Structures are given as structure tokens and as C-alpha cells.
Amino acid sequence: MHTLIRDRDITTPDFVFYSDRLIRLVVEHGLGHLPFTEKQIITPTGSVYTGVDFCKKLCGVSIVRSGESMENALRACCKGIKIGKILIHRVGDNGQQLIYHKLPMDIDERHVLLLDPVLGTGNSANQAIDLLRRKGVAEERIIFLTLISAPEGIQCVCTRFPKLKLVTSEIDTGLSEEFRVIPGLGEYGDRYFGTDN
Amino acid sequence: QYSKFVKTAFEDFILPTKKYADIIIPRGADNSVAIDLIVQHIRTKLGQNDLCKIHPNLYVIQTTYQIRGMHTIIRDAATTTHDFIFYADRLIRLVVEHGLGHLPFREKQVITPTGSVYTGVDFSKSLCGISVIRSGESMENALRACCKGIKIGKILIHREGDDGKQLIYHNLPKDIAKRHVLLLDPILGTGNSAVQAISLLLEKRVQEANIIFLNLISAPQGVHVVSKRFPRVKIVTSEIELGLNDDFRVIPGMGEFGDRYFGTDDYQSSTPFFADDKNRVGLL
């Protein structure tokens, strides 16, 4: 699937289709890191099955615009999950501007799944996580879900927030001089929403 | 005295056994790296489900709390049909994705928009899904969601008591002999219907090693039956059950999958439990 979405000749419908599949896998994996409680149930045959119960207080926070592609997969896995949004504008190679945010009121009580498909320099991720911490979310309750990450970004986020979990599907080779991920998959938001030319 | 007795004895008796050893650790007990490696290997082997050790073609998807949570919900006799479908669909999606990972691939290089080269893989082309009516049809959606426009064939096998399945109806793609087949049936109980289905596929000249059997839960007896008869068929499941009861139903199981998924179950007659309007579950 990575081969297909990284190919620059792929069509938009195909890109969307395979990204969705990959995102679904990352989200399912990320959800496996939430805490659970043990629970016993009776099956229709009358036997007892010792299972687990899902963690209740969840929400997703997506980083506009590319993170919004991951919202559908999250909603497909967790019905009616609350989703907050953060808009961070990338000015050049540093100094992200946090322009807009709208988060659930009780976010400090919830586990947060932060959604952003590409982790490059880690600057926008850091800004987003800073915002979450300011709202009172505990660091170990944040799970950051991405499709691809550059080692520099991982370094940047994980040294700053060591208790946060990061789930990714592939680690790339590095960053180019313009701070794009290599080999990467181009501008994810443009390709997913078809606004590239 | 050493060179006369001990050394010669060593050379005569101990040294030759070296060629029978599977692993020889040089430098003996000080070699912590080698010993760590062996310990890790043993731990992995111990951790694998027993059946996986006996049948190398059995693949159980990795258990996470999410998967166990989903099993908990769909196995619960008190779950509503709506919830059952939702979580069964999620689980099926995971099994299908895992099963697709067992298909053969070819390496391929692509150019990414940044201009760099990415060495990846290309999907295997000739696929089809075969669902065992009725419960297998629930898995078709997940398969179609993963592989657009995949051809799907159907087999109807009726369960007559505890043996002797009747193969009543089948409709398979014409060129199935050239394709990889994903056989879909959520529950593997006695293995009889699975054996019938696979026998039919072999009659149509599908190659045994090209068949991947996807199911949600399997009973050990079913796994034995299928693997013994068709050792090259791969079985992908999400959980291995305890066993079968006297009626040849899977224990702990999840009841009649087709009924629960398509909402045709009838609390009064099929189960010994009842759920009254206060949603209390009790024994009749």
C-alpha cells in the first residue's frame, strides 16, 4: 500500500482508497494501546468468556487539513467519538503558527488520539501537543497516530514528550533541505483532497 | 596423564558428537550474546499458541486488547444485533487485512513526489473470494473494502446434524484455477463444511497452496481436521477456542453467527437464555 500511495503517478481515487486502508490499520493498532478493564460475559452456548471492556473516555484531535482524512477511519472504529480540530499553519521551516483550535470541553479527562498523517520536522506536532497540555491533558494519555515519520520528527517529539505514545506505519529515511520527508509521499493534504496540480 | 587419557578420550568420544549438535556456542557459558539469543528463541516458541507449533500453516492474528474487547462484545449473548454487526465487521476487517498479507508479492520501485526512489512491493493480481453461505457473506463486504471489485464466488453447504454436509449449490469464477482464493467462513467448528468447500475448490483445480482460509474463531478439532487433510492451505483466524461441545457447537463460541449477524435469531427457541425488557440476562 505504501508503494501505491508514494507513487507520484497514482490517481486521486486510488490514493484515497489505499490511504484509507492504511489509516484504518494504524488507527486499529493505536486503539490497542488504550487501557482496558477485564470483564466476563456469557456466550450463547452458555459458556463463560473472560474478555475486556473498552476504555470509555476517548476523543480524537485532528490537525487540519491532512489529519481530517484520518477522522473517518477513527469514526468507523469508534462510533460517535468526539473529534476536536487544530489548525496550524506552516510558515517556512520554523515557527508554526497556531491559528485555530476547537476541542471538547472535558478534554482533560479523556484519552486523546492525535491525528496527523505525516510527521516531518515535528514542529506542528509539538505545537499541537503543547496546546493539549495547556488544556490539561496528561502526557501519557496522548497517542499520536501518523502514517509516516521522519527520524528527526520522532526525535523532536519524543525527547520533548517522553511519556507520549507515537504509532506510525513506516519510518522514512530523513528530511530534505526544504524539510520535506524523504522518500515521503508528497504533500499529503493536497493529494488526498485532490487540490494538487 | 592428561594427554594420555583425558585428551584422547575427548577426541575419540566427545568431539565426534559435535557434528550432531544443532547449535554450538563458542566460549561456553561466558557467551552471553549467544545465550540471550537462544533464550529469546525459546521464549518466542513458548509464547506461540500450541496449535501454531503443530500446524505451521495456522496464523492467529496478534491479540491486542482491542481485539479481545471486540470478541467480548460479539460473544456476549446480550449484545444487540446492531452492535454485533459493528464489531464483527471490525474484526473481520482485521482478519482480512492480515490474510491479504499472506499473498505473494513482487518487488517494485516507484518515484515519490519529492523525487526520491522508494523500493516497495506490488500486489498479487489474480485473486478471488469464496464465501460459504450464509455466514461467510458477512465477510464479503470487508473483502470488497480492501480489494476493489474482487470477484466473489459462493458455496452453499447445509449442515445435516453432526456429519455429512451436503454441498447443495456453488457458483465460482470460471478461471478460478489460476487465482489465489480467499475462503471466507467466520466459524471453524468440526471442519466438515470447510473440508467440503476446499475439496470442491481442488476439484476445480485450484492449487492447495493458493488457498487462504479466513475465519473469526476456530476450534482446535476443526484446525486438526483441515490441516491434516490439506496441509498446504493457510488458515488465518483471530482466536482459537477451547473446543466443541456435545452438539458440535464451538465453546465458548459466539452462537449461530449467521443468525446473529443477519438478525434472524430467535431468543425463545435457540438459546437457553432470555433477555427481558429490562435487559437482564438469565437462565430459563
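Contact means heavy atoms within 4.5 Å. The model is predicted.

## Exercise 1: Asp185(B)

Task: Find where Asp185(B) lies, decide whether it is buried or exposed, and list what it is in contact with.

Solution.
- Step 1. Place the residue. Asp185(B) is in the loop between strand 7 (180-184) and strand 8 (187-188) of chain B.
- Step 2. Check the accessibility. The relative accessibility of Asp185(B) is 8%. Buried means under 20%, so Asp185(B) counts as buried.
- Step 3. List the contacts, leaving aside neighbours within four places in sequence. They are Val132(B), Ser135(B), Gly136(B), Met139(B), Ser193(B), Phe213(B), Leu214(B), Asn215(B) and Leu216(B).

## Exercise 2: The nonpolar cores

Task: State which residues touch the most other members of the largest nonpolar core, and which element gives the largest share.

Solution.
- Step 1. Take the core itself. It has 70 residues. Leu145(A), Leu214(B) and Leu216(B) touch the most other members.
- Step 2. Look for the main contributor. Helix 5 of chain B gives the largest share of this core, ten residues.
- Step 3. Look beyond this core. Another core lies apart from it, with 26 residues. Leu58(B), Leu188(B), Leu201(B) and Val223(B) are among them.
- Step 4. Focus on Leu216(B). Residues up to four places away in sequence are not counted. Leu216(B) touches His71(B), Ile74(B), Leu91(B), Ile92(B) and Val95(B), among others. Its list also includes Asp185(B), Pro186(B), Met254(B) and Phe257(B).
- Step 5. Add the general background. Nonpolar side chains tend to be buried together in soluble globular proteins.

## Exercise 3: Helix 4 of chain B

Task: Explain why helix 4 of chain B is largely enclosed by the rest of the structure.

Solution.
- Step 1. Count the buried residues. Nine of the eleven residues of helix 4 of chain B are buried.
- Step 2. Name them. They are Gln66(B), Ile67(B), Gly69(B), Met70(B), His71(B), Thr72(B), Ile73(B), Ile74(B) and Arg75(B).
- Step 3. Conclude. With nine of eleven residues buried, helix 4 of chain B is therefore largely enclosed by the rest of the structure.

## Exercise 4: The largest pocket

Task: Describe the volume and the lining of the largest pocket.

Solution.
- Step 1. Give the volume. The largest pocket has about 1200 Å³.
- Step 2. Name the elements that give two or more residues to its lining. From chain A come helix 1 (2-6) and helix 2 (12-31). From chain B come helix 4 (65-75), helix 5 (81-100) and strand 3 (117-122).
- Step 3. Turn to the residues. The lining has 43 of them. Met1(A), Arg21(A), Leu25(A), Glu97(B) and Leu100(B) lie nearest the centre.
- Step 4. Find the top contributor. Helix 2 of chain A gives the most, with eight residues.
- Step 5. Sort the lining by character. It has 20 nonpolar, 13 polar and ten charged residues.

## Exercise 5: Arg93(B)

Task: Decide whether Arg93(B) is buried or exposed, and list its contacts.

Solution.
- Step 1. Place the residue. Arg93(B) belongs to helix 5 of chain B.
- Step 2. Check the accessibility. At 12% relative accessibility, Arg93(B) counts as buried.
- Step 3. List the contacts, again without neighbours within four places in sequence. In chain A, they are Arg21(A) and Arg24(A). In chain B, they are Ala142(B), Ala145(B) and Cys146(B).

## Exercise 6: Hairpins and sheets

Task: Describe one hairpin in each chain, then find the edge strands of two open sheets.

Solution.
- Step 1. Start with chain A. Strand 1 (residues 37-42) and strand 2 (residues 48-53) run antiparallel, joined by six bridges. Glu38(A) has Val52(A) as its bridge partner. Five residues lie between the strands, and Gly46(A) in this hairpin has a positive phi near 95 degrees.
- Step 2. Move to chain B. Six bridges pair strand 2 (residues 106-111) with strand 3 in the antiparallel sense. Val110(B) is partnered by Tyr118(B). In this hairpin, Gly115(B) takes a positive phi near 95 degrees.
- Step 3. Take the open sheet of chain A. Its three strands are ordered 7-9-11, with parallel pairing. Strand 7 (118-119) and strand 11 (170-171) each have a single partner strand, so one side of each lacks a neighbour in the sheet.
- Step 4. Take the open sheet of chain B. Its order is 8-10-12, and the pairing is parallel. Strand 8 and strand 12 (239-240) stand at the edges.

Notes: Residues numbered from 1 in each chain as written. Chains lettered and ligands numbered in written order. Predicted model: local features only at pLDDT ≥ 70, side-chain atom pairs only at ≥ 80, totals over all residues. Heavy atoms only, no water. 1 Å grid on protein atoms, 1.4 Å probe; cavity = no way out; pocket = protein on both sides within 12 Å on 5 of 7 lines; lining within 4 Å. Points joined across faces, edges and corners; volume = space filled by probe spheres on them. Helix = DSSP H or I, 4+ residues; strand = E, 2+ residues; numbered from the N terminus. Nonpolar A, V, L, I, M, F, W, Y, C, P; charged D, E, K, R; others polar. Pairing = 2+ DSSP bridges. Core = buried A, V, L, I, M, F, W, Y, C linked by side-chain atoms within 4.5 Å. Buried < 20%, exposed > 50% of the residue type's maximum accessible area, 1.4 Å probe, protein only.
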